[in-house]
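Subject: Handover of a structure and summary of findings

Dear colleague,

Please find below the structure I am handing over to you. My findings follow it, and I would be grateful if you would read them alongside the coordinates.

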Amino acid sequence: MVRILMVNLPYAGHVTPTLGLIDEFIIRGHDVGYVLSGEWREEIEKRGAKFIEYQGYKGNPMVLNNCYYALYNTIKSVADEYYGNKKAVEIILKYLELES
């Protein structure tokens, strides 16, 4: 079993293409966590993945910095303890710093 942390922006055009990946990962017996905003909870959980809601999300997906800020805070607080890969977490956080 592999533990997979998926992270995305809360736009249908970004999330919808990844739903099949969740299905396939779950079928193969992997543990999947997905960091997204609250409106995606039902869709993610019905596929068997662990839904991890953005922390500090101000609820306006049209303001991209709101998404990056929330992603950064959420990953920083849950990724290392849940997935235990400090190097991967550092890379993701560095990317989000560059994009915000």
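The protein has 4 helices and 3 strands. Please note that this is a predicted model. Taken from the N terminus, the order of its elements is β-α-β-α-β-α-α. Of the 100 residues in the protein, 37% are buried. The exposed surface amounts to about 5800 Å², and carbon and sulfur atoms supply 54% of that area. Among contacts with a separation of 6 or more, 50% are between residues 24 or more positions apart.

Helix α1

Helix α1 covers residues 12–27, a run of 16 residues. At 1.5 Å a residue it should span 22 Å, and its end C-alpha atoms lie 23 Å apart, so the two values agree. The helix nevertheless has a bend of about 30° at Leu 19. Leu 19 is also one of the buried residues of α1, together with Val 15, Thr 18 and Ile 22. The elements that cover these buried residues include β1, β2 and α2. After α1 comes Gly 29, which has a positive phi, near 85°.

The nonpolar core

The largest nonpolar core has 22 residues. Within it, the residues with the most contacts are Ile 22, Tyr 34, Leu 36, Ile 44 and Tyr 54. At least two residues of this core come from each of β1, α1, β2, β3 and α3 (64–83). Its largest share, 5 residues, is supplied by α3.

Ile 44 deserves a separate word. Leaving out residues up to four places away in sequence, Ile 44 touches Leu 19, Ile 22, Tyr 34, Leu 36, Ala 49, Lys 50 and Phe 51. Leu 19, the site of the bend in α1, is thus among the residues that Ile 44 touches.

Two loop residues

Ala 49 belongs to the loop between α2 and β3. Is this residue, Ala 49, buried or exposed? Ala 49 counts as buried because its relative accessibility is 6%, and the cut-off for buried is under 20%. Apart from neighbours within four places in sequence, Ala 49 is in contact with Ile 22, Ile 26, Val 32 and Ile 44. Ala 49 and Ile 4 are separated by 45 residues in sequence, and their C-alpha atoms are 9.7 Å apart in space.

Leu 9 sits in the loop between β1 and α1. At a relative accessibility of 11%, Leu 9 also counts as buried. Leu 9 and Leu 36 are 27 residues apart along the chain, with 6.7 Å between their C-alpha atoms.

Salt bridges

The count of salt bridges comes to 7. Three of them are described here.

Asp 31 pairs with Arg 3, and their closest N and O atoms are 3.0 Å apart. This pair links distant parts of the chain, with Asp 31 in strand β2 (residues 31–36), Arg 3 in strand β1 (residues 3–7), and their positions 28 residues apart. The two partners fall into separate accessibility classes: Asp 31 counts as buried at 18% relative accessibility, whereas Arg 3 counts as partly exposed at 40%. Asp 31 is placed in the buried class because its value of 18% falls under the 20% limit.

Arg 41 forms a salt bridge with Glu 53, with 3.1 Å between the closest N and O atoms. Arg 41 lies in helix α2 (residues 41–45) and Glu 53 in strand β3 (residues 50–53), so this pair ties together parts that are 12 residues apart in sequence. Arg 41 is partly exposed, at a relative accessible area of 34%, and Glu 53 is partly exposed as well, at 37%.

Glu 43 and Arg 47 meet through their side chains in a salt bridge, at 2.8 Å from N to O. This pair is part of a network in which Asp 23, Glu 43, Lys 46 and Arg 47 are joined by salt bridges that share partners. Glu 43 counts as partly exposed at 22% relative accessibility, and Arg 47 is partly exposed with a relative accessible area of 21%. Neither residue counts as buried, because 22% and 21% are not under the 20% cut-off.

Yours sincerely,

A colleague

Notes: Residues numbered from 1 in each chain as written. Predicted model: local features only at pLDDT ≥ 70, side-chain atom pairs only at ≥ 80, totals over all residues. Heavy atoms only, no water. Salt bridge = Lys/Arg side-chain N within 4 Å of Asp/Glu carboxyl O. Buried < 20%, exposed > 50% of the residue type's maximum accessible area, 1.4 Å probe, protein only. Contact = heavy atoms within 4.5 Å. Areas by Shrake-Rupley, 256 points an atom, 1.4 Å probe, with all protein chains shown as cover. Expected span 1.5 Å × (residues − 1). Bend = angle between axes of the 7 residues up to and from the residue. Core = buried A, V, L, I, M, F, W, Y, C linked by side-chain atoms within 4.5 Å.
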